[in-house]
Amino acid sequence: MMFKKWLSVVFTCFIFLSTARAQLVIEITSGADQLLPIAVVPFGYTGVNRLPEDIAQIVEDDLSRSGLFKAIPRSNMLSMPSKEADVFYRDWRLLKSDYVVIGNIQKLQNNQYRIGFELLNVLTQKPVQKHSSIDVSAANFRDAAHYISDKVYELLTGTRGAFSTRILYVTAEGDKKAPLFKLQVADADGHRPRVVVESKEPILSPSWSMDGRNIAYVMFRNRRPNIFIQELATGKRQQIAQFRGLNGAPSWSPDGKKLALVLSKDNNPEIYTLDIATQKLERMTNHYAIDTEPSWEPDGKGIVFTSDRGGNPQIYRLDVNSKRVERVTFEGELNTRARMTPDGRYLVTVQKDDGNYHIALQDMKTGRVQILTETYLDESPSIAPNGSMVMYATTYQGKGILAVVSVDGLVKYKLPSADGDVREPSWSPYFK
Amino acid sequence: MSVNKLGKFAVIGLSAAWIAGCSTTATDTDSSTVAEDANSTEQAADTGSSDQAYGAGEDGALTSVIVDDTEAAQESSMDSLAGVETVFYFDFDKSIVRPESREALAKHAEYLVANPDARVVLEGHADERGTREYNMALGERRAKAISRYLTIQGVAASQIETVSFGEEVPVAFGHDSNAWQLNRRVEVRYE
């Protein structure tokens, strides 16, 4: 399987906490170690059968991967309580753990389990989250774990967790001269990958609808690019664009009604919008230069896109109502494939500077630009729905892999794959 | 090569295509499959012929059936192009036809002018640097540069189709300037 090794996430860089992102944490963790120490105790279980997943381990991995937490190793734990009455707070003070997550699992009827958990503050010796429980089937243990991670993350950072989200990506496997392309969907931690569509012809530009139910992508057929939309639950798909020339870069509008896309049917690449229900196509740009890579702003009023109308490719903003275009990026030799954070504050681009392609972050208020990555041939940035992390594609040891960087540039990790090239990550929205 | 001779071949080619078309189902030409995983909630199934296209495109499947057979029929009429280069290279981020490409392109133009029924697809490619959709646009721009070169020499625009593969189909797999040079190209393919 592709991502067996995703668990062995490599931290290339550890961080200190910025005040902006986790006020609560800063107050509590004084001292040199800026990572928030937390112990996730193995969940208690009295049943005889083997459990499908180690929930506490998944929660620990989630929190560690966020770059905000330092997990207390199990081997150091002096006790392993599964309910608050059994917790000796001094044990955890000795281990310098500020928080403890405990939980227990109870087998119900019909392969169902009840998973209870609580989050305890070691300093105040009180629960931050009192005992609460969720019922899941054996197949959904990982969902339960990510749910708990989201809860803990939100309680301690004030930001909604994105551990329950998913990612789309494209793999190219086998003979490089005739690879098999697969569009896959997996949990945000790379587990449980499933093939959405596979083809001997290239697949690119996967994009989520805002409710996470539908996706759009470009797939070649008979050596020509076409745009498809597909419902994930049923696999039902529609071919929505097969004009002569380019059919590319589909991007769902925030209200889910339209797709922005690129067509060159009228000679050169232009941005269009397609109303999915009425099939009405509207041309949004009109310029002899390349206009491509549209992406909606979170409020749906604007579309950012790449154009080389100024000589080199840079990012421009299109006002959807007036179709007025203004230039957005000015730093770097070129900027392409922009994505905006959900709060509209930052623009993430692929910037070329000194011959290198890196992920850059531009503050839309101040215009300040920060280069986030130091990897090689970085492309395809995609932002987590809570705006905390950017997943992107890069080249590592001659192979295409996915990597993640926090929007403050401090947390970085790679997602190495077992074989083949991995590219074109697309981070899902929240699932309601 | 006489026009008459080519005409004959074209007729044979088209009839062959028709016969082949009758015995070939449209789905055979679709090399993609939507995966099925009975255990997953995301049960996927290709809707196949119920695929609905909103775009005003042509019937891709039928086109491709004709493609294979006319290709075979044209083989002998294409003798005049034997040994003529079919891959043309470009500079980084550029779409200017290089001087060394002109001689071979002139031969392609000559053939296309002499054979108005011949159809050519110009497939543009980019190297791996830069983003994928921008490279799709860049590949198309290169294919269009070749197309312009051919039309200037009298080839009818209706004989030419430009398609871009962006950086998706490299021929060299290194991550260095040699590999990149080989991948920045337009391939001339007769249909």
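These questions and answers concern a predicted model.

Colleague: How many helices and strands are there in chain A?
Modeller: The model is predicted, and local features need pLDDT of at least 70. Chain A has 31 strands and four helices.

Colleague: What does the radius of gyration of chain A say about how compact it is?
Modeller: For 432 residues the globule rule gives 22 Å. The C-alpha atoms of chain A fill a box of roughly 70 × 50 × 40 Å along the principal axes. The radius of gyration is 23 Å, close to the rule, so chain A is as compact as a globular protein of that length.

Colleague: Which strand gives the largest share of the largest nonpolar core?
Modeller: That core has 83 residues, and those with the most contacts inside it are Ile203(A), Leu261(A) and Val390(A). Six of its residues come from one strand of chain A, the largest share: strand 12 (residues 214-221).

Colleague: How many residues are in the other core, which lies apart from this one?
Modeller: Among its members are Ala39(A), Ile55(A), Ile58(A) and Ala71(A). In soluble globular proteins, nonpolar side chains tend to be buried together. The residues in this other core number 36.

Colleague: Is helix 4 of chain B largely enclosed or not, and why?
Modeller: A residue counts as buried if 20 or more other C-beta atoms lie within 10 Å of its own. In helix 4 of chain B, 17 of the 21 residues are buried, so the helix is largely enclosed by the rest of the structure.

Colleague: What are the end C-alpha atoms of helix 4 of chain B apart by?
Modeller: Helix 4 covers residues 132-152 of chain B. At 1.5 Å a residue, its 21 residues should span 30 Å, which agrees with the distance between the end C-alpha atoms: 30 Å.

Methods. Residues are numbered from 1 along each chain as its sequence is written. Chains are lettered from A and ligands numbered from 1 in the order in which they are written. This is a predicted model: local features need pLDDT of at least 70, side-chain atom pairs count only at pLDDT 80 or more; totals for chains, interfaces and linings use all residues. Helices (H or I, at least four residues) and strands (E, at least two) are DSSP runs, numbered from the N terminus. The radius of gyration is taken over C-alpha atoms; the globule rule is 2.2 Å times the number of residues to the power 0.38. A nonpolar core is a set of buried Ala, Val, Leu, Ile, Met, Phe, Trp, Tyr and Cys residues joined through C-beta atoms within 7 Å. A residue is buried if 20 or more other C-beta atoms lie within 10 Å of its own, exposed if 12 or fewer, and partly exposed in between; C-beta atoms are placed from the backbone. The expected span of a helix is 1.5 Å times one less than its number of residues.
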